[in-house]
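The exercises below concern internal spaces, helix packing and backbone geometry. Each task is followed by a solution in steps.

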Amino acid sequence: MNPNHYVAIMAGGVGSRFWPASREAKPKQFLDILGIGKSLLQMTYDRFLPLIPKENIFIVSNAAYKNLIKAQLPDVTDNQILSEPSRNNTAPCLAYMALKLHALNPDATFVVASSDHLILKEDIFLKDVKQALDFASAKDTLVTLGIEPKSPNTGYGYIQYNRHDANKDGIYKVVSFKEKPNLESAKEFLKAGNYIWNAGIFIWSVKSLLKSFKRNAEDIYDILKQGEKLYNTEGEQDFINEYYPATRSTSIDYAILEKADNVYTIPGDFGWSDLGTWGALYDESKKNEEANVFQSDNVLAFDTTNCLVRVPSEKLVVLRGLDDFIVVDENNTLLIFPKSKEQEIKLVTEAVKKWKGSDYL
């Protein structure tokens, strides 16, 4: 293992589209959403252990989740948990990560990975990550792992790359980043053959990333640079609590990647899903003869097809006449919702909050 290689696992999201299982107090990354005995965060942490020393795996999250992280990942020290006092999107927290790592090891190169993604072909994934780490360590580049598209999906952003500008190992120069397209544009992207899904998996050296922050998002850099002598000391959290909320809320894509001219990509095919919705979980799960996914042995179903059912194991559930539905019984809430309308669940949580306050969120 290379001691200069690190990982930043992003674990601060609220996962509102996985309500009612995912709650503000315990979002989906802390849940055993696949029913295998591990949370998504634990799966992500374990995924990197064959490649990255455990002391080099850092968790970036909201301060409210620090105790959850420590409970689920007992090997992680307090200094490996970056606790954000406010939700300012991905650019400020990655500037914070880069500055903290630079103070710890100026030669560090690190991976940025989401805590709630599913990766089925982990050996291929780690091979691609290793290739990207070696490339980013040797050159002043910002690297992203893109996903070979299986369909004209409108739920992902896209990366356009230059098929004629690649090194001998198949690392391509990025031409542009595209926001989530409409269906016609997505079809055109697939037809062109040089567009891949943006999975939000990035690899770069701290030197290259900080150089890009100074050039493209200097305001964020200047605020957080003031604490450079406090990073990895007892004074770090007090500094972050005071200064971090003053950084503007913006994504790393918008603040850095869309402006930088040294971005490269490795198109990948390692069984990736962002598990962003119940439907995505259904798609990736094993189904019975009626194309149902039951996360319980106590479901009795008649004339029921294409459904995802997640209910407490001690509760008997009887269903009849359902097709293409999500049924989730979690804590104090029962959700029965058409799978084809699942994008509206986020709107439902907003309506519930107006009606009942935060007790059910």
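A cavity is a set of points on a 1 Å grid where a 1.4 Å probe fits but cannot get out, whereas a pocket is an open set. A volume is the space filled by probe spheres set on the points. The model is predicted, and the values below are computed from it.

**Exercise 1. State the volume of the second largest cavity and describe its lining by residue class.**

Step 1. The second largest cavity holds about 30 Å³ of space.

Step 2. Its lining is made up of Asp140, Ser208, Lys211, Ser212, Arg215 and Asn262.

Step 3. Asp, Lys and Arg count as charged, while Ser and Asn fall among the polar residues. The lining therefore divides into three charged, three polar and no nonpolar residues.

**Exercise 2. Find how many cavities of 30 Å³ or more the structure holds, and describe the lining of the largest cavity.**

Step 1. There are two cavities of 30 Å³ or more.

Step 2. For the largest cavity the volume is about 50 Å³.

Step 3. The residues lining the largest cavity are Thr44, Arg47, Phe48, Ala113, Ser114, His117, Ile119, Phe125, Ile201 and Trp272. Two elements, helix H1 (40–48) and strand E4 (109–114), give two or more residues to this lining. H1 gives the most, with three residues.

Step 4. Sorted by class, the lining of the largest cavity has six nonpolar, three polar and one charged residues.

**Exercise 3. Give the volume of the second largest pocket and the class make-up of its lining.**

Step 1. The volume of the second largest pocket is about 240 Å³.

Step 2. This pocket is lined by 14 residues, and Arg310, Val311, Pro312, Asp329 and Glu330 are the closest to its centre.

Step 3. Six charged, four polar and four nonpolar residues form the lining of the second largest pocket.

**Exercise 4. Classify the packing of H3 against H7 and name the residues in contact.**

Step 1. Helix H3 (residues 90–104) and helix H7 (residues 218–225) have axes 10 Å apart and pack at an angle of about 45°.

Step 2. Angles under 35 degrees count as roughly parallel and those from 65 to 115 as roughly perpendicular. The angle fits neither class, so H3 and H7 are oblique to each other.

Step 3. H3 and H7 cross in the right-handed sense.

Step 4. On the H3 side the contact has Ala91, Pro92, Ala95, Tyr96 and Leu99, and on the H7 side Ile220, Tyr221, Leu224 and Lys225. Eight nonpolar residues and one charged residue take part, with no polar ones.

**Exercise 5. Repeat the analysis for H6 with H7.**

Step 1. The axes of helix H6 (residues 206–216) and H7 come within 6 Å and cross at roughly 120°.

Step 2. H6 and H7 are therefore oblique to each other.

Step 3. Leu210, Phe213, Lys214 and Asn216 of H6 meet Glu218, Ile220 and Tyr221 of H7. By class, the contact of H6 with H7 has four nonpolar, one polar and two charged residues.

**Exercise 6. Repeat it for H3 with H6, adding the handedness of the crossing.**

Step 1. H3 and H6 have axes that come within 9 Å and cross at roughly 130°.

Step 2. This angle makes H3 oblique to H6.

Step 3. The crossing of H3 past H6 is left-handed.

Step 4. H3 supplies Ala91, Leu94, Ala95, Ala98, Leu99, Leu101 and His102 to the contact, and H6 supplies Val206, Leu209, Leu210 and Phe213. Ten of these residues are nonpolar, one is polar and none is charged.

**Exercise 7. Locate the cis peptide bond from Trp19 to Pro20 and the positive phi of Asn306.**

Step 1. The peptide bond from Trp19 to Pro20 is cis, with omega near 10°. Pro20 sits in the loop between strand E1 (5–10) and H1.

Step 2. Asn306, a residue other than glycine, has a positive phi near 60°. The loop between strand E13 (299–302) and strand E14 (308–310) contains Asn306.

Conventions:
Residues are numbered from 1 along each chain as its sequence is written. This is a predicted model: local features need pLDDT of at least 70, side-chain atom pairs count only at pLDDT 80 or more; totals for chains, interfaces and linings use all residues. Side-chain values use heavy atoms; hydrogens and water are left out. On a 1 Å grid over the protein atoms alone, a cavity is a set of points where a 1.4 Å probe fits but cannot get out, and a pocket is an open set with protein on both sides within 12 Å along at least five of seven lines; lining residues have an atom within 4 Å of a point. Helices (H or I, at least four residues) and strands (E, at least two) are DSSP runs, numbered from the N terminus. Axes are lines fitted to C-alpha atoms, for helices over the stretch in contact, and angles run from 0 to 180 degrees between N-to-C directions. Angles under 35 degrees count as roughly parallel, over 145 as roughly antiparallel, 65 to 115 as roughly perpendicular and the rest as oblique. A crossing is left-handed if the near helix is turned anticlockwise from the far one by less than a right angle, and right-handed if clockwise. Contact means heavy atoms within 4.5 Å.
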